Amino acid sequence: MADNGQRVLVEYKGMLEDGTVFDSSKENGPLDITVGAGQVIKGIDEALEGMEVGEVRTVTIPCEKAFGRYSEFNVQKRDLRYVPNADELPVGQRISFMGPGGQKVSALVQKIEDGYVYLDFNNRLAGKTLVYDLKIVEVLPKKTRRTPLSDYGAMARTQGTGPVSEVPVFNNFLDNLGITPKDIDERYEALEKGPGEPA
């Protein structure tokens with residue numbers, strides 16, 4: 001039986017509610033997972049707990065336990081004059097590039113309009129209910145040293161309990177000016193004190 005902290009080898013198939021398969025171990029090989037370690041989305045971690053070797057389980061996972069809700073805040077508008085190779089941007093397709101910290105970042109080119117490109121940095125599965133077929137094929141010995149987490153893919157997770165979040169590379173207007181949220185808060189505090197009072 002798979003308990004928290006147990007290392008297992010898992011065959012899986014990930015589907016949308018309409019049956020569309022977006023990821024599977026047939027394509028990418030089974031996953032080496034430590035149950036409860038946050039290496040996969042929360043809904044899968046919960047489903048694996050208590051499963052026996054050879055057992056097959058189908059689980060429906062709401063977006064809150066997968067890749068989170070879709071957020072309009074993750075759609076950024078960027079002036080085409082400052083976008084490299086702007087004339088080659090494929091509208092309706094995802095583009096990938098390296099982020100400032102060297103991490104891989106992807107975004108959907110939503111539209112190009114009035115000299116601006118709209119980039120959607122939401123995970124492609126954000127806001128979606130997912131269905132997984134899961135099977136534990138083997139219980140593995142615990143590793144003696146920490147190994148890197150899976151970086152990308154439908155089951156990838158960070159070490160935290162939340163879903164993977166895409167990190168926007170194109171910052172907003174204030175970022176381009178070098179203004180931080182702290183700067184704005186301090187300015188508002190100064191304005192609230194009124195003229196003649198020390199800032």
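Which residue in β8 does I112 stand opposite? The residue facing I112 is V117 in β8.

Before going on, a word on what you're looking at. This is a predicted model, where local features need pLDDT of at least 70, side-chain atom pairs count only at pLDDT 80 or more, and totals for chains, interfaces and linings use all residues. Residues are numbered from 1 along each chain as its sequence is written, and side-chain values use heavy atoms, leaving out hydrogens and water.

**The sheet**

Let's start with the strands around that pair. Strands here are DSSP runs of E with at least two residues, while helices are runs of H or I with at least four, and both are numbered from the N terminus. Two strands count as paired if DSSP finds at least two bridges between them. Four strands, running β5-β8-β7-β6, make up an open sheet with antiparallel pairing. At its edges sit β5 (75-79) and β6 (94-98), each pairing on one side only. From one strand to the next, the twist averages 40°, taken between lines fitted to C-alpha atoms, with angles from 0 to 180 degrees between N-to-C directions.

Strand β8 has partners in both β7 and β5:

| Strand pair | Sense | Bridges |
|---|---|---|
| β7 (residues 104-113) and β8 (residues 116-120) | antiparallel | 5 bridges |
| β5 and β8 | antiparallel | 5 bridges |

On the β7 side, E113 stands opposite Y116 in β8. On the β5 side, Q76 has L119 of β8 as its bridge partner. A hairpin joins β7 and β8, with 2 residues between them, and D114 in the turn has a positive phi of about 50°. Since 4 of the 5 residues of β8 are buried (under 20% relative accessible area, 1.4 Å probe, protein chains only), the strand is largely enclosed by the rest of the structure.

**The cores**

Now for the nonpolar cores, meaning sets of buried Ala, Val, Leu, Ile, Met, Phe, Trp, Tyr and Cys residues joined through side-chain atoms within 4.5 Å. The largest one has 22 residues, and I41, I44, L48, L130, Y132 and L134 have the most contacts inside it. At least two residues of this core come from each of β1 (7-16), α2 (42-48), β4 (56-61) and β9 (130-140). The biggest giver is β9, with 4 residues.

Take L48: leaving aside residues up to four places away in sequence, L48 touches A2, V10, I33, V35, L134 and I136, with contact meaning heavy atoms within 4.5 Å. A second, separate core holds 10 residues, including V83, A86, L89 and L119.

Definitions and conventions. Buried < 20%, exposed > 50% of the residue type's maximum accessible area, 1.4 Å probe, protein only.
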